Amino acid sequence: MTKTERREARSSAIFNKQAVTYAAAQSFKMLSPRVMIKNPVMFVTELGAVLSTISLFAVSADVYAVSVTLILWLTVVFANFAEALAEAKGKAGADSLKQVRKDTVCTRLADGGSEKVSSSELKVGDRVLVCADDIIPCDGEVDKGIASVDESAITGESAPVIRESGGDRSGVTAGTKVLTGDIEVIVTAGAGESFLDRMIALVEGAVRQKTPNELALTVTLAGLTLAFLLVTTALLPIGRYFGAELSIPTLTALLVCLIPTTISALLPAIGIAGMNRALAANILAKSGKAVELAGDIDTILLDKTGTITVGNRQAVQFVPVKGVTEAQLTETAMKASFGDMTPEGKSIVALAEQLSGSTADIPADAAVISFSAHTRLSGVDTDGHRLRKGAYDAIVSFVKQNGGRIPTDLKEITDRIASAGCTPIVVAENDRILGVVSLSDVLKAGIQSRFARLKAMGLRIIMVTGDNPLTAKAIAAEAGVDGFVAEAKPEDKLGYIRKEQKGGRLIAMIGDGTNDAPALAQADIGVAMNSGTQAAKEAGNMVDLDNNPTKLIEVIEIGKQLLMTRGALTTFSVSNDVAKYFAIIPAMFILAMPHLAGLNIMNLASPESAVLSALIFNAVVIPALIPLAIKGVRFRAMGADALLKRNLLIYGFGGVVLPFAGIKVIDMILSATGMF
Amino acid sequence: MVFVTLIIGISAVLSWFLGRYMTYIMDSSEQGTWQSYLKQFAVFNVIMFAVSFAVLAFQQYLPLNPDSKGALTADLIFNTAASFTTNTNLQHYSGEVSMSYFSQLFALMWLQFVSAATGIAVLTAIARGLGGKGFGNFYKDMMRATFYILLPVSFVVAVMLIFTGVPMTFGGAVEAHTLEGALQSISRGPAAAFIAIKQLGSNGGGFFGPNSAHPFENPNFWSNIIESMSIIIIPMSCVWMFGRLTGKMRHAAVIFGVMLLLLVMKLSFAAYFESAPTGALAGLDVQTSSNLEGKELRLGKSAAPLWAVLTTSTSNGSVNNMHDSLNPLTGLVPLTGMWLNETFGGVGVGMINMLIYILTGVFICGMMVGRTPEYLGRKVETQEMKLVLLALLVHPLCILGGTALFTIMPWGAETVHNAGAHGFTEILYEFTSASANNGSGFEGLGDNTPAWNIATGIVMLLSRYVPIVLPLMAAGSLAAKRISPDTSGTLHTDTVLFGAVILGSIIFIGALLFMPVAVLGPVSEYMAGALK
């Protein structure tokens, strides 16, 4: 299945035929009280419908009473339909994942021999051999070998990726396919517990638990329902005092109109749709709670390289210190960069080769010192020449160890390069510093405007970089981030997150390496890249299938949209009550107290038509708002106060006005039929 | 209107300074959890109830009884003890007829001080908790509120009242020879002290049956001004105190603004509706330019609607006119005041009631900014909403449940003096007044019966303690949470917009619950009258 196909499966038109058929059937199955009780407000509605049905047999069954009862049942069915429809969309996404998860026969290695077993028999700690063209049977860690793997089944990305033992590219996922090479994989998740299994379960809603905010909202809605239950129940004896005998269908109609049915009917759909939106963005959230929490994030921690800047820093210039020729510097830099396989190292070699016209000549017996994030230098030892290139302070301390001196103009050169937003790489031989390589860093296109969007929402963006403070500052200013952590080692992230959290902030970060795992676990939202290590994926609470570091921004927007949709529909639901009161209350008492006719400000045709109109409006508003619930309230990057003002105006004020018009129109149609 | 504006304006200005003084008195850095605070609160309130019950039950054996008042019935004792313990001061008796001076002073007046101090104390604890300090010690707060706030302010007001002619004596009733030669016994007593705290502590229980309509409780124009301002001043100050203790003065100003707006709206409605002549005299030659029935004309024309609004906005419940005689829609205004019960509200508890609406509004609207709702930087979640919603439910439960029960039961329906809508309003008003811990009577109701005494007694206890205890617990739960920083992405509680959120919460969630009964009572009566 291609990426586009799956995206379509996940986000195609809301009312497609297949989903609607499924949802329609499901909405009747869900009438079972055992299912309904999970949604207290709709449960009360169903009880009302039952009570009203009983009254049809016990009291009277005129056209009015039958109509009210039918619409009450319809209200419940509509609510179920909304939930089932959202589920249907989730199921479509899950089905696409399920195709990936098949039982396969695989080779388990044990005690020097090997045996063929079904992938469902694998246990944690088993070692399996996966050869070219095999499907990887389990989640695991590559222990031996290197392979190119097609992960498009999970990520939708067709370009193969390299998976090899050691380092940050060792994690493999069940359901992906080895293209070339053989690898030995240690199983990290048993059958049925793999990453894929958990994702399918989550998407299908099998383990869907109410999120904290959803729970709080359910409690609130239940409380309001109790209050309105009181109001309606009290009217029965009070009506008698005035000589008005109120019928059960009428009282139930009032109750159902007043209780927040709109939001309660759409609440499960909003939650499921939030998960689906995350999935459509190729993010697998480990829980609905994580998606919801994303909206609360205050600070985002982003790596500079690959996220804010394009990532492949290129050497652009060699600047020797006084007394050193440029050729000498170029030659040494080229040799010292030999052990550095990062794009930066390669670019130094490439530029040097281009400038000098020769290639690096490293004797076979030379000791190559590879670059690492800890030492922050690389180099080569040959014939007593110890060539190094690396970060300023790393090289300075290396030279000092060898008893060398620091050239007076070095600081000035590095500062000049750094202030221009470039990264200075210092080159040295034994105790002598030769000069500086300038690496230029290019900001990703459009990154400034994305950051501006985030800042408008009140988020703080912190850039983490191994660069020196001057470079960091220049790039931070250019990209428009709020702060930076310069000369950071991987573990500095954890410290920074802890510090921010002490101030009450919620932090999100994205990471891929094993080094990132503790920070991913500590962060409130940790997004691990799918290409990252198993440890990183376990530690985070979301996985980004696209390996796109700016995905955090989408995650946060999805979280905010989820909460906004809930708030907007709740406000709308509560605001609707005003018009419904004005329709139903005069209608209820007009027979016993004709002088209340003046309260019929909407000039509704008859008491029966007034009650029915309000009830019909209340019912049809549910399917009418399904698209809004599933797509979510339109998100805008603006401050909280501006957002609130806008939403209050649309859903609060609109919620007061719209039902007046809606009820009136329905009443006109009803009275035109001549039945009421 | 100038008179009304001046009284409200001067009170608002004075409340700023009194709020500052109250903060100075109540602020402390004592530690203490909400649990221990709640325990101390419970113990003390049980003692309050027990002591007043005992004093009332044995008043015939106790001293300071120059007019030899006899024993009271058990249900009246329960009702009165509940009424004064809960700061309601609903009176199903006439003070000068039934109570000895000892009962008035040591059961009733004592409770008028400590029940008001209880409100201030709990509000202080909640504010401290939300402000990030310990909840403190209830007994110490009680002492501070009683001795440094209520006593001195009452002393000042009492002295001023004595100058306007309110009696302050331990001598018994005096005998007067009337012009007709008849002998009349005129009750008097230590009224000035009693009235000062009655007004200041949002108590409202009069020394004499007719309350502040009685010439000894409220002799003239000037005493009326002092007493009107005394109703509102401490509830207003409590908002400022809350702001200072939480360190959110701008937030307090928004709350104050919303309360003031609602108060002014109610005042305008009351003044407007009451300017119409009374329905009974409509079209007759004796028709007056405005409704003068049941009013004390010595106090001035606008004194009645002003007082009626103030006393029901604040859970005070003292009266200077007959609410039963107000025009139907004017009568709806005091009812609305008590249904909302937080347009300044009772001493301390008004602001606590307001917190219930604020949290509800914050929860629903807070989501619309795309974050988990937060109040003063703390997340509002399931636990808080449970407590807040329960607290919110008690008021409609007591009012609607009680009214429904009494309208169909003979022991309710037969005690009303008027048929139809007006009689219904009498029942509705009585339960509203009890549930709002207000204590004012619509009157026209034979309410000293066992059924009324027991029912309103229970209602007063429920709707006093549940909406104090649950918000305190909610504050405890909030206080335990991490404070998240204030950014442009968080909902700000100090803006006009937030004022609109509170207002919406009060009107859509608080007021709408009572719309059906409002229609059936006062509105129906008005519309029936309008048709005539």
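1. Which strands of chain A does helix α18 lie across? Helix α18(A), residues 490-502, lies across β10 (299-303), β17 (460-464), β18 and β19 of chain A, and its direction is at about 165° to that of β19(A). Contact here is judged on C-beta atoms placed from the backbone, with a limit of within 7 Å. Axes are lines fitted to C-alpha atoms, for helices over the stretch in contact, and angles between N-to-C directions run from 0 to 180 degrees.

2. A word on conventions before going on. This is a predicted model, in which local features need pLDDT of at least 70 and side-chain atom pairs count only at pLDDT 80 or more, while totals for chains, interfaces and linings use all residues. Residues are numbered from 1 along each chain as its sequence is written, and chains are lettered from A and ligands numbered from 1 in the order in which they are written. Helices (H or I, at least four residues) and strands (E, at least two) are DSSP runs numbered from the N terminus.

3. Now to the sheet itself. In chain A, 7 strands make an open sheet with mixed pairing, in the order β9-β21-β20-β19-β10-β17-β18; two strands pair if DSSP finds at least two bridges between them. At the edges are β9 (283-285) and β18 (483-485) of chain A, each paired on one side only. From one strand to the next, the twist averages 20°. Within the sheet, β19(A) (residues 507-511) and β20(A) (residues 525-529) are parallel and share 4 bridges, and A:Ala508 has A:Ile525 as its bridge partner in β20(A).

4. Chain A also has some antiparallel pairs to look at. Strand β13(A), residues 377-382, pairs in the antiparallel sense with β12(A), residues 367-369, over 3 bridges, where A:Val368 is matched with A:Val380. With β14(A), residues 385-390, β13(A) pairs in the antiparallel sense over 6 bridges, and A:Ser378 has A:Lys389 as its bridge partner. β13(A) and β14(A) form a hairpin with 2 residues between them; in the turn, A:Asp383 has a positive phi of about 50°.

5. Another hairpin of chain A joins β1(A) and β2(A), again with 2 residues between the strands. Its turn contains A:Asp111, with a positive phi of about 45°. Strand β1(A), residues 105-110, pairs with β2(A) in the antiparallel sense over 6 bridges, and A:Arg108 is bridged to A:Glu115. Of the 6 residues of β2(A) (113-118), the number buried is 0, so β2(A) lies largely in the open. A residue counts as buried if 20 or more other C-beta atoms lie within 10 Å of its own, exposed if 12 or fewer, and partly exposed in between.

6. Next, the interior. The largest nonpolar core (buried Ala, Val, Leu, Ile, Met, Phe, Trp, Tyr and Cys residues joined through C-beta atoms within 7 Å) has 352 residues. The members that touch the most others are A:Ala82, A:Leu266, A:Ala269, A:Ile584 and A:Leu615. Helix α5(A), residues 63-100, gives the largest share of this core, 18 residues. Apart from this core lies another, of 35 residues, with A:Ala352, A:Ala394, A:Ile425 and A:Leu434 among them.

7. A:Ile584 also has a part in a helix pair. The axes of α9(A) (residues 248-258) and α22(A) (residues 577-589) come within 10 Å and cross at roughly 170°. The two helices are therefore roughly antiparallel to each other, a label for angles over 145 degrees (under 35 is roughly parallel, 65 to 115 roughly perpendicular, the rest oblique). Residues in this contact include A:Ala253 and A:Cys257 of α9(A) and A:Ile584 and A:Met588 of α22(A).

8. Chain B has a helix pair of its own: the axes of α9(B) (residues 249-274) and α11(B) come within 8 Å and cross at roughly 160°. α9(B) and α11(B) are therefore roughly antiparallel. B:Phe273 of α9(B) is one of the residues that make the contact. The C-alpha atom of B:Phe273 is separated by 15 Å from that of B:Met322, 49 residues apart along the chain.

9. B:Met322 is found in the loop between α10 (303-313) and α11 (328-340) of chain B. With 19 C-beta neighbours inside 10 Å, B:Met322 counts as partly exposed.

10. Last, the two chains together: 53 residues of chain B are in contact with 56 residues of chain A. On the side of chain B that touches chain A, α13(B) gives the largest share, 14 residues.
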